[in-house]
Amino acid sequence: MTKATPTTRRCGACKVVKPLTDYAADRSRPLGKMYVCKPCDKARAAARQDLRLTPAQLEARFRRLAKQHARLMVLSRLSIEANPEGVPTHGE
Ligand SMILES: [Zn+2]
């Protein structure tokens, strides 16, 4: 058994084993290739384009998520403060 440089890779998106030539170059990856094949990468780029979100829209979405997160944080903090022992309350 020889440890040859792999010439194929399983695509992280479509899970199909394809030759490395089907993967776009990415120097930040160990094999110097993207972890998704070219067709999948193109499809994902197209999907991103389809979203057609402007930076302002993206920011609005992020703010909405941040707000939800902040609300959850406040809620969990309130419940801890109201019930520091973690004992279930039974109303009055
Ligand atoms: Zn693929």
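What percentage of the 92 residues in the protein chain do buried residues make up? In this predicted model, the figure comes to 5%.

**View 1. The whole chain, from strands to helices.** Here we've got 4 strands and 2 helices, and walking along the sequence gives the order β-β-β-β-α-α. As for contacts between residues at least 6 apart in sequence, 16% of them link residues at least 24 apart.

**View 2. Lys15, a loop residue with a positive phi.** Lys15 sits in the loop that runs between β1 (8–10) and β2 (17–19). Its phi is near 65°, so we're looking at a positive value in a residue that isn't glycine. Most residues other than glycine go negative here. Lys15 counts as exposed because just 8 other C-beta atoms lie within 10 Å, and the cut-off for exposed is 12 or fewer.

**View 3. Lys18 and its neighbours from elsewhere in the sequence.** Next stop is strand β2, home of Lys18. This lysine, Lys18, has 16 other C-beta atoms within 10 Å, which means it lands in the partly exposed class. Leave out residues up to four places away in sequence, and Lys18 touches Thr8, Arg9, Cys11 and Cys37. Take Cys37: 19 residues separate it from Lys18 along the chain, yet their C-alpha atoms are 7.6 Å apart.

**View 4. Helix α2, end to end.** Helix α2 covers residues 55–82, 28 residues in total. From first C-alpha to last, α2 reaches 40 Å, close to the 40 Å expected at 1.5 Å a residue. How many of the 28 residues of α2 are buried? The count is 0, so this helix is hardly covered.

Notes
Residues numbered from 1 in each chain as written. Predicted model: local features only at pLDDT ≥ 70, side-chain atom pairs only at ≥ 80, totals over all residues. Buried ≥ 20, exposed ≤ 12 C-beta atoms within 10 Å, placed from the backbone. Contact = placed C-beta atoms within 7 Å. Expected span 1.5 Å × (residues − 1).
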